[in-house]
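Trainee: I would like to go through the labels attached to this model and ask, one by one, what each of them rests on. Could you set the values against the definitions as we go?

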Amino acid sequence: MHDLKLIRDDPAAFDAALARRGFPASAAGVLDLDQQRRAIQSDLQVKQARRNDASRQIGQVKGKGGNADDLMAEVAGLKAEIQAGEEKDKALAAEIEAALAAIPNLPGADVPEGGEDCNVEIRRWGTPRLMEGAAHFEIGEALGLMDFEAASRISGARFVVLKGQLARLERALGQFMLDLHTTENGYTEVAPPLLVRDDAVYGTGQLPKFAEDLFRTTNGYWLIPTAEVPLTNLVREQILDAEKLPLRFTALTPCFRSEAGAAGRDTRGMIRQHQFAKCEMVSVTTPEQSAAEHERMTACAEDVLKRLDLPYRVMLLAAGDMGFGAVKTYDLEVWLPGQKTYREISSCSNCGDFQARRMQARSRTAGAKGTAPVHTLNGSGLAVGRTLVAVLENYARPDGSVEVPAALRPYMGGLEAIAADG
C-alpha cells in the first residue's frame, strides 16, 4: 500500500517509478478520487459547524420563549445531508484503498531498468558440473523412490510421491535449513497456521490481485502460498518498540500454489508443484536497517547452498521482473546439471513499508512523537523441493546412486549414499 501523501507531493515521480516496472501511470486516477473525498470532507466540516451553531441557537431561542421551528428544520436537513456525505466519504475511502491496493511497490533507485532480460548477475559461487547429467526425475524414478504416476492417481498433475530414503532426504533438507537459521542465523522458529483469512493475504499483497494463484477452502480460508504470509502478519495491527527491532522469524511449512498461468512450464518433475515444502525467513525492521537486513538475509540463504556445496549465482532482479510487493529482490539460482542451467531456488525481497501499511504495522522510538510504518523483508531459505532437485542432479553417481551431502548425513543416520534398494 502506498502513502497517499507521497503521491500528492510528486505524482510525476510516482508515475515515473511505476513506468520502470512497466505499470501504467496511476497517480491521476488516485488523486482525482482523493480530491473528491477532500471536497466532501471540507463540505462536511462546514455543515457540521453550521449544525452545531444552529443547535445552540435553538436552545437560546427556546430559552427566550421564541419559535425555533425554522432552526429545527434546518438542523434536521443538515443531519440528513451530513449522513449522506459521510456515506459518500466512506465509499470514496474504500475506492481509494482499492485503487492503491492494485498498484505494485515502487522499485528502489539501485534496481536496474527493464524486464527479466535485464536482471544483473551480482556474483557466483562454486564450479558447475559441465558433464552430461540426468534430470532429477529420471534419477528419482530410477531409484524407485519418486513416483509421479501414483501422485497423479491420487491428486492429479503437479504432485509427487517420495518414498524411502528420498522422502527422508527431503525431510533432512528442511530440518537442516531450519536448524541453521535458528541456531546460527538468529531467526526465531515459528509453527504458524497454514490456513489464513483474507486480511492476512491482503496484508502481504497476494490479494486482491493474485487470488487465482492461491487455493481457497469452501469456508473462506486460504491455503498459504508461502510462510511469508503468516510470519509477516505476526506484527499486523501492532505498534512495536523500535529498539527491539529487527524481529527475525523462520518456519518450515508446506506451501500451496495453483500455478495459474504455468501451463506447459516445467510439466515434468518437481520444479513447479501445487504443494511443496519451504523454509521461509521474515524480518521486521526499521527503515534505517532494512537495506543491511536485506543483504544479511540473502547471505543466510546463500549459506545453505554453500554448506550443501551447490554451485549458485546471485541475480539482482530488474524492476519489471520483481514481485508485486518488492522494492528490491535478489534471486539465488542453483546450478542444475540435468538442465545445464541455473534455476531459481530462493528470492529475498525488501518490501519497504509496502506490506506494513496494508497490515497497519508500526513502530515507536522512545522519546519520539508518533509512530512510523516498519519495513518487512522475506526470503526463501530455501525451497526444499528445488533443493532436493539440485542435490539429486549435482550428487548423482554414474552407478545411479546419489551421494548424501556431508551436511545432511547427521540427519540421515550417517547414510553416505542413496541407492536403488534404499
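Trainee: Where does Pro208 lie, and what makes the peptide bond from Leu207 to Pro208 worth noting?

Mentor: Pro208 lies in the loop between helix H8 (198-203) and S6, where helices (H or I, at least four residues) and strands (E, at least two) are DSSP runs numbered from the N terminus. The bond that leads into Pro208 from Leu207 is cis, with omega near 5 degrees. Most peptide bonds are trans, and most residues other than glycine have a negative phi. Keep in mind that this is a predicted model, in which local features need pLDDT of at least 70 and side-chain atom pairs count only at pLDDT 80 or more, while totals for chains, interfaces and linings use all residues. Residues are numbered from 1 along each chain as its sequence is written, and side-chain values use heavy atoms, with hydrogens and water left out.

Trainee: Which bond leading into a residue of strand S16 is cis?

Mentor: The bond from Gly381 to Leu382 is cis, with omega near 20 degrees, and Leu382 is found in strand S16.

Trainee: What makes Glu237 stand out in its backbone, and why is Glu237 called exposed?

Mentor: Glu237 has a positive phi of about 55 degrees although it is not a glycine, and its place is in the loop between helix H9 (228-232) and strand S8 (239-241). Its relative accessible area is 52%, and the rule is that exposed means over 50%, buried under 20% and partly exposed in between (1.4 Å probe, protein chains only), so Glu237 counts as exposed. Asp309 also has a positive phi of about 55 degrees without being a glycine, and is found in the loop between helix H10 (290-307) and strand S11 (312-316).

Trainee: Why is Ser155 called partly exposed?

Mentor: The relative accessible area of Ser155 is 42%, which falls in the middle class, and Ser155 is therefore partly exposed. Its place is in helix H6 (residues 148-155). The C-alpha atoms of Ser155 and Ala49, which are 106 residues apart along the chain, are separated by 64 Å.

Trainee: How do you know that H12 is mostly covered?

Mentor: In H12, 12 of its 12 residues are buried, among them Arg386, Glu393 and Tyr395. Helix H12 (residues 384-395) reaches 16 Å from its first C-alpha to its last, close to the 16 Å expected at 1.5 Å a residue, the expected span being 1.5 Å times one less than the number of residues. For the chain, buried residues make up 49% of the 422 residues.

Trainee: Why are H3 and H4 called roughly antiparallel?

Mentor: Helix H3 (residues 27-63) and helix H4 (residues 69-101) pack at an angle of about 160 degrees, with their axes 8 Å apart. Angles over 145 degrees count as roughly antiparallel, under 35 as roughly parallel, 65 to 115 as roughly perpendicular and the rest as oblique, and H3 and H4 are therefore roughly antiparallel to each other. The residues of the contact of H3 with H4 divide into 17 nonpolar, 6 polar and 12 charged.

Trainee: What makes S1 and S4 edge strands?

Mentor: The sheet is open, with 8 strands in the order S1-S11-S12-S13-S16-S10-S9-S4 and mixed pairing. Strand S1 (120-125) and strand S4 (188-189) each have a single partner strand, so one side of each is left without a neighbour in the sheet. Two strands pair if DSSP finds at least two bridges between them, and 2 bridges join S4 to S9, which run parallel. Glu189 has Thr250 in S9 as its bridge partner.

Trainee: How many bridges does S10 make with each of its neighbours?

Mentor: Strand S9 (residues 247-256) is joined to S10 by 10 bridges, antiparallel, with Gln275 in S10 as the bridge partner of Phe256. S10 and strand S16 (residues 375-383) pair in the antiparallel sense over 7 bridges, and here the partner of Met281 is Gly379. Strand S10 (residues 275-285) is mostly covered, with 9 of its 11 residues buried.

Trainee: Which strands are at the edges of the sheet S5-S7-S6?

Mentor: In this open, antiparallel sheet of 3 strands, strand S5 (195-196) and strand S6 (215-216) are the edge strands, each pairing on one side only. S6 is joined to strand S7 (residues 222-223) by 2 antiparallel bridges, and Leu223 in S7 is the bridge partner of Phe215.

Terms used
Axes fitted to C-alpha atoms, helices over the stretch in contact; angles between N-to-C directions. Nonpolar A, V, L, I, M, F, W, Y, C, P; charged D, E, K, R; others polar.
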